[in-house]
Amino acid sequence: MNKQGIKTQKGKEIAGISRSGITRPSLNFLAILNDFGIALDTSCPDKLCHQLYSGLYLKPNKLKFFVDENVNKNCFMLFARELYVCHSQYPQYWQWIKDKDTR
């Protein structure tokens, strides 16, 4: 534990804790979003956290980034359309089937 009584682990990514005791995402999300050319308004921490927890599309309908609110870890959701399917050009091996419930 450090001087403030916060448990720390060397070599582990831990989320910062504000003075009010609310857990906030770590700052490495900025590097991830910068790699994809996405800029966020960081002037309001609550609004920023809401955006990160609900998720941002890095590639529309292919790749989504979000921060897991329970453990404050970066997460990526890879949609099937982003996958490379070997022999997908041949209908006898592969075809996409659209589900009526999807976007």
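Select N72 to begin: this residue of the predicted model is buried, its relative accessible area being 6%. On the chain, N72 belongs to the loop that runs between β2 and β3. Display the backbone torsions here: the phi of N72 is positive, at about 55 degrees, although the residue is not a glycine. For context, a negative phi is what most residues other than glycine have.

Next, select the two strands that flank this loop. Strand β2 covers residues 63–68 and strand β3 covers residues 73–78. Within β2, pick F65; within β3, pick F76. These two residues are 11 residues apart, and their pairing links distant parts of the chain. A search of the whole structure finds 3 aromatic pairs, and F65 with F76 is one of them, a tilted pair. Place a centroid on each ring: the centre-to-centre distance is 5.4 Å, and the planes make an angle of 50 degrees. The arrangement is classed as tilted because the angle of 50 degrees is neither under 30 degrees nor over 60.

Now colour both rings by accessibility. F65 has 1% relative accessibility and therefore counts as buried. F76, by contrast, is partly exposed, with a relative accessible area of 46%.

Finally, move to the segment after β3 and select H87. Its phi is also positive, at about 65 degrees, and H87 is likewise not a glycine. Is this residue buried or partly exposed? With a relative accessible area of 39%, H87 is partly exposed, whereas N72, the starting point of the tour, is buried at 6%.

Key:
Residues are numbered from 1 along each chain as its sequence is written. This is a predicted model: local features need pLDDT of at least 70, side-chain atom pairs count only at pLDDT 80 or more; totals for chains, interfaces and linings use all residues. Side-chain values use heavy atoms; hydrogens and water are left out. Rings of Phe, Tyr and Trp (its six-membered ring) pair if their centres lie within 6.5 Å; planes under 30 degrees apart count as stacked, over 60 as edge-to-face and the rest as tilted. Helices (H or I, at least four residues) and strands (E, at least two) are DSSP runs, numbered from the N terminus. Buried means under 20% relative accessible area, exposed over 50%, partly exposed in between (1.4 Å probe, protein chains only).
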